[in-house]
Every structure is written in C-alpha cells, then in structure tokens.
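User: I would like to go through the strand pairing of this model and hear what each term rests on.

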Amino acid sequence: MTFAVLKTGGKQYKVQAGDVLRVEKLDAVAGDKIQFNEILMVDTTVGVPFVAGAAVQAEVIDQIKGPKTISYHKRRRKHSSQRTRGHRQQLTLVRVTEVLAAGADATGVKAATGTADARRAAHETAK
C-alpha cells in the first residue's frame with residue numbers, strides 16, 4: 001500500500017487510500033472530490049519541500065465541529081473577576097481515495113483550499 005505525508009491547515013498527516021481524516025475546514029461541500037497538492041513525501045520519495053507532480057485525492061464526507069474546549073480565566077485577590085469561554089473548531093471530514101505519485105496536474109480535480117484562502121481568492125478576483 002502506498003502512503004503519503006500531506007500538509008494542510010498547518011498540520012501534517014500520514015495517509016493511504018481508504019483513510020478518513022478530520023482536517024481544518026476546507027472550502028468544499030459534502031460529496032465534492034478534492035485534491036491535496038502539498039505532498040511532503042510519497043513512499044520513499046522525499047520532497048524539497050514538496051514532491052513534484054504528487055497529489056492525494058479525497059472525497060469530502062461532511063463539515064463537522066470538533067469537541068468543545070473550555071477556556072477559564074480567574075483573576076484572584078483584589079480583582080475577583082472570571083471569564084469562561086467555549087470553542088468548537090470547524091473541521092472537514094474527508095476520505096482519501098487515491099495517492100498519486102505523479103501526474104497530479106492532468107487530473108482536473110479541484111485543489112483543496114482552506115476557507116481563508118477561498119476568501120482571499122474571491123477578494124482578489126472582485127477587484
């Protein structure tokens with residue numbers, strides 16, 4: 001089974017075909033086919049910094065939220081104030097369908113971009 005190490009959302013994931021990942025929110029809806037192009041390693045080929053022509057194709061399963069994290073701050077002594085905040089990270093659930101060692105440019109599959117990248121691209125085209 002071939003594996004790859006991909007980079008998305010500031011994190012690295014070791015994947016192979018059939019894996020299900022929870023990654024930072026991507027600009028895609030359930031059922032979309034996406035392609036990760038920032039591949040750091042495929043089997044024994046290590047990129048400098050990325051492997052040229054390599055890609056990982058995946059199918060978006062759903063947009064989900066992660067578990068709730070509680071942030072609690074208490075200022076003691078004379079201040080006597082406290083603050084509680086909750087946060088649920090936006091995530092995208094994807095299933096890896098294929099690991100391509102070469103020929104990623106000719107597939108025609110939409111590249112996986114985060115929501116911040118999508119907003120930035122939309123802003124650039126609006127000018």
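Analyst: An open sheet of 5 strands runs in the order 3-10-7-4-11, with mixed pairing. Strand 3 (20-24) and strand 11 (110-111) each have a single partner strand, so one side of each is left without a neighbour in the sheet. This is a predicted model, in which local features need pLDDT of at least 70 and side-chain atom pairs count only at pLDDT 80 or more, while totals for chains, interfaces and linings use all residues. Residues are numbered from 1 along each chain as its sequence is written, and side-chain values use heavy atoms, with hydrogens and water left out.

User: What makes residues 110-111 a strand?

Analyst: Strands are DSSP runs of E with at least two residues, numbered from the N terminus (helices are runs of H or I with at least four). Strand 11 covers 110-111, and therefore meets that minimum of at least two.

User: How do you know that strand 4 and strand 11 pair?

Analyst: Two strands pair if DSSP finds at least two bridges between them. Strand 4 (residues 33-36) and strand 11 have 2 bridges, in the parallel sense, and so satisfy that cut-off. Within strand 11, Ala 111 is the bridge partner of Gln 35.

User: Which strands are the edge strands in the open sheet ordered 2-1-5-6?

Analyst: That sheet of 4 strands has antiparallel pairing, and its edge strands are strand 2 (11-16) and strand 6 (45-46), each pairing on one side only.

User: What joins strand 5 and strand 6?

Analyst: They form a hairpin with 2 residues between them, and Asp 43 in the turn has a positive phi of about 50 degrees. Val 42 stands opposite Thr 45 in strand 6, and Val 42 is also the bridge partner of Ala 4.
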